Amino acid sequence: LATRAPELALRIGLGVLVALGVGWCVARLAHAVARGITAWVVAGVIGVVAGAESCAGFILVSSVVEWRVFGFGRSVWLRLLALALIPVLLHFLPGLPEPSFLSVSVGVLIPVGVMYLIPVVGCAAGSGGRDQSRENLRIPVLSQLNFAFRHSWKAQMLAWAGVLVIGGIGAWFSLDRERRALARMDYWLDQREYARVLDAARQARRLDYPAEERLHLALYHCGLLGESLFTYTNQTRWQFFAGMTLGLEGCRAQIQPLLELGQLNEAEHMAHEACEWNGDRPDILLALARINVLKDRPVAARVYLNVLRKMPFRSAGAREALSRLEQKPGLLLDRDLAGCATNRVRSDLAYNKMPSELLIRQALHSNPRNSMALEYMMADCLLSGSLDKLPEKYAQWASAREGSTIPRHYEEAILLYEGLKKTAMDLKGRSIQPGTRARFERFAKAVGSALDSESQNGLRREFSDSFWYYYYTLATRKAPSGKSS
Amino acid sequence: MNALIHRFPSGVVALVTLTVLAMLACLSAAGASEGAPTGVPAPPKLTPDYAGITFPPNIAPLNFRIEEPGGAYRATFRSTFGAPIVMSQSRPEIQIPLKAWRGLVRANAGQPLYCDISVRDAAGTWRAFATITNQIAREPIDTHLYYRLLKPLYNNYVHVGIYQRDLESFQQTAILENDKIGSSKCLNCHTFLNHQTRQFALHTRGFTNGVQPMLLVQSNTVTRVDKTLGYLSWHPSGRLLAFSANRLSLFFHTDGETRDVFDAKSHIGIYRLDSNVVVTPKVLALTHRNETWPSWAPDGRFLYFSSANPRPLEDHRKVRYDILRVSYDLESDQWGEPEMLISSEKTGLSATESRVSPDGRFLLFCLAKYGNFPIYQTSSDLYVMDLQTRVMRRLDINSDQADSWHGWAMNSRWIVFSTKRLDGLFARPFFSYVDAAGQFHKPFVLPQEDPAFYESFPKTFNAPELACGPVHVTEEQMAEAVLRPGRILTPKVDGPAEAHPATPDPPGYRQAE
């Protein structure tokens, strides 16, 4: 949820906290006006932070709770008045988000679910509130449980323990830095916010294979694949397009890069595997719709968009795409898709598992100016440590990239190649920066003397962001095993 | 003309007068009252396309959506006998009441069914369209359709199920869903004996112990048969089950249809249920040929099958199957010599999925550019051979997408087949009427309660099979037979070792759609 709808997650999280807090207030405060004022303050906070629909949801639910616990009195009227003021608020404060049917539904339904927790919290809070009011607490399912709580201190302790345990588990999961960083990468890539993907990648201690695919794509879009690929030392797989060999979870992450690369059929393959494995996730459905548009199957694309249309928060986008398809069946769904169409591979190769190098080479064969294929070709050459192929690949890259300077990692690879092969490479009119040369000399010297663990650590500290260090440790890298397909 | 007028002046005058009067009457009637249809008749666009079709008298209502803009819609269904069904509504989705539909259609078997559609525009004027005329066939279709539902799968399957659909209503129930027998299991090759549901078989796949058991249902008792079998076909006696043993692998293309299937080695075997023995007749397991897609003739005197020379994967586009048949005598257990029916050398195409009509008259099969898996070939079309004249022809009911997985109704008057014609990706079941002259009529898609059903259903209908009646064993019984079987049969292999014994699925193995 946090990856797909962070705003919603914030609203729900806030709603849960507030509902628990108000549950406690309801249990403690005896005076109706005090409860009403509390509710107004809380509603105001929710309205500003989480939007009008959550505010309305909170007021509605707290009114119901008030009514069920204390009867239909002034406090309920006060809250309903607040509910009536929301449209006015929306009118004069245009910065507040417009409520949609779905978001209102969620804004109401989730607090209703939370409402069931209130008796537990109230009982866990111990005293407070009137016994008469507690008699009125007849919320289904938990009413009997509530009766037990009222009459047993053990039950109250148990309730406290339960709240603490559940809260602790929730906190643990929500504060898991690793998961959060990987989830953010997923989310921001979906939003095409590539710089933010890179930010999130830096925060993760260790990237798994799907995260690495996302990282590579973000690096490419930021023009940093040749500059910063090896600075992300938290990579574990260092690999492009692993197919299903590193687990089915990786399929979803490969859809977008394969699509952009021009390998439409392999993108379709990964999308269908992901759809089966991950279910009908909105991003997968959208990818399948886009793939079918590219494959000149607009009716099939509409099937996926229609499924998407029925999903919360995706309805508007799906309707818009459907409308565009309706107007012009051959029209591409978005601007990005035009690039995918240009790069689309048109030659047929039959394969079972195609190595990344072949996937990239075929894309370049179809479109020699395929920018992504060019950068991925170079990066793939470096990641595989295939220095023998470097001159050929570099020549291809350089002829298509007229006028551009050599990215840092490519410079590092060239220097290493020249150092190992004792032969100069044709740089096609470009030159290596002096700083890189000087650093390479330092590296060569350090490698020669890095015999003990302290020297090794020093080498890592100074050069771990370089291709040289990657190459040096390539043989000793043992990637942890992934989930097998 | 002058001569004619001079010769028949009174007749001409009368004709002209009548014509003018008729036109005036039409105009007068059209404008007689508010709300009555007006305008030039033109055929309305319907989704699904249920216009100009022949349909069985026992099928569920053919619900559709009128693809014409308007604020109100009127549809009248009328025939020779009985009161018409009149529907007037603001929505374009026409969902015909089941009871009224049944009454009208069953009372008019063999008669045309007319559908008058009119749409009211924003100005409040009704626009009438040309009457749609469909034909209600005299002959009913088998009451149930069995199929597998799955997404367009590749290597992995999480949700696969085999279902039965009552064709007389919209009710669909599960025969077995794979989550009942453990995740990532595949279900396939549901095959009924003589279109009856008391005896049938289906296969399971994805078990890691090497054996992919078959479920055998006889008299509502489910038995697990621990033997990996491929495509199945019942001998009409119910004593034999022909099967193929294939080494299939799924592979991919970088352009065109993504998926493809290659059969490296195959043969046909016979499972004798009465003795629980598997035999491999030599004539069906030639070392220099790959035999597959077995299909018994309805009288059990011939076994039809596809056969091709083995080739390496690199030459997969050169693999073309012939269709042959071999005679068989059940009493003496004697096989004849193979007889060529469809020669790939002559057609230049690959012939698979032979199915003989229950009356023994027609052989229905697929022809595609190459290979053994027509559903992945957009070039796959349905062909028919008249077994008396041996003349074959391509059917007019084909589309520019894959048409395959066909089957006959018990009375040989209906066929069902899977086709990707609607969108190029999802296979949908279509029916076609076969008249006494052997003409196949315009096909129509399986009706659904919601006319927009196929527009948001991302699953494919695979291997549709018609049968007379529902399956009576429960899903729980089926699942129990897999997981905690009360009865297990492990067939003995008789004679020499099988030419290509069925092996555990290799990586990449799929028997998808």
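The following exchange explains how several features of this predicted model are named and assigned.

User: What makes a local feature of this predicted model eligible for description?
Analyst: Local features need pLDDT of at least 70 and side-chain atom pairs count only at pLDDT 80 or more, while totals for chains, interfaces and linings use all residues; side-chain values use heavy atoms, with hydrogens and water left out. Residues are numbered from 1 along each chain as its sequence is written, and chains are lettered from A and ligands numbered from 1 in the order in which they are written.

User: Why is Phe467(A) called buried or exposed?
Analyst: Buried means under 20% relative accessible area, exposed means over 50%, and partly exposed lies in between, with a 1.4 Å probe and protein chains only. Phe467(A) has a relative accessible area of 0% and is therefore buried.

User: Which class does Tyr471(A) fall into, and why?
Analyst: Tyr471(A) has 28% relative accessibility and therefore counts as partly exposed.

User: Why is the ring pair of Phe467(A) and Tyr471(A) given its class?
Analyst: A pair of aromatic rings is described by the distance of the centres and the angle of the planes. Rings of Phe, Tyr and Trp (its six-membered ring) pair if their centres lie within 6.5 Å; planes under 30 degrees apart count as stacked, over 60 as edge-to-face and the rest as tilted. The centres of Phe467(A) and Tyr471(A) are 5.8 Å apart and the planes stand at 50 degrees, so this pair is tilted. Both residues lie in helix H26 (residues 467-472) of chain A, four residues apart, about one turn of the helix. Helices (H or I, at least four residues) and strands (E, at least two) are DSSP runs, numbered from the N terminus.

User: Which residues form a cluster with these two rings, and how many aromatic pairs are found over all chains?
Analyst: Ring pairs link Phe230(A), Trp238(A), Phe467(A), Tyr470(A) and Tyr471(A) into a cluster. The whole structure holds 45 aromatic pairs over all chains.

User: What makes the charged end of Arg259(B) a charge over the ring of Tyr154(B)?
Analyst: A charge sits over a ring if NZ of Lys or CZ of Arg is within 6 Å of the ring centre and within 35 degrees of the ring normal. The charged end of Arg259(B) sits over the ring of Tyr154(B), 4.9 Å from its centre. In chain A, Arg196(A) lies over the face of Trp188(A), at 4.3 Å from the ring centre.

User: How do you know that S33(B) pairs with strands S32 and S34 of chain B?
Analyst: Two strands pair if DSSP finds at least two bridges between them. Six bridges join strand S32 (residues 414-419) of chain B to S33(B), and these strands run antiparallel. Ser418(B) stands opposite Pro429(B) in S33(B). S33(B) and strand S34 (residues 444-445) of chain B are also antiparallel, with two bridges, and Phe430(B) stands opposite Val445(B) in S34(B).

User: What makes strand S33 of chain B mostly covered?
Analyst: Six of the six residues of strand S33 (residues 428-433) of chain B are buried. In a regular strand the side chains alternate between the two faces of the sheet. Both faces of S33(B) are covered: Arg428(B), Phe430(B) and Ser432(B) are buried on one side, and Pro429(B), Phe431(B) and Tyr433(B) on the other.

User: Why is Gln448(B) classed as buried or exposed, and where does this residue lie?
Analyst: Gln448(B) lies in the loop between S34 and S35 of chain B. The relative accessibility of Gln448(B) is 11%, so this residue counts as buried.

User: Which residues are in contact with Gln448(B), leaving aside its neighbours within four places in sequence?
Analyst: Contact means heavy atoms within 4.5 Å. Gln448(B), with those neighbours left aside, is in contact with Asn63(B), Arg165(B), Phe170(B), Phe453(B), Tyr454(B) and Phe461(B). The C-alpha atoms of Gln448(B) and Leu62(B) are separated by 7.5 Å, although the two residues are 386 residues apart along the chain.

User: What makes a set of residues a nonpolar core, and which members of the largest one touch the most others?
Analyst: A nonpolar core is a set of buried Ala, Val, Leu, Ile, Met, Phe, Trp, Tyr and Cys residues joined through side-chain atoms within 4.5 Å. The largest nonpolar core has 132 residues, of which Met185(A), Tyr376(A), Leu390(A), Tyr394(A), Met214(B) and Tyr271(B) touch the most other members. Helix H21 (residues 371-383) of chain A gives the largest share of this core, 10 residues. Another core, of 57 residues, lies apart from it, with Leu62(B), Leu104(B), Ile397(B) and Ala409(B) among them.
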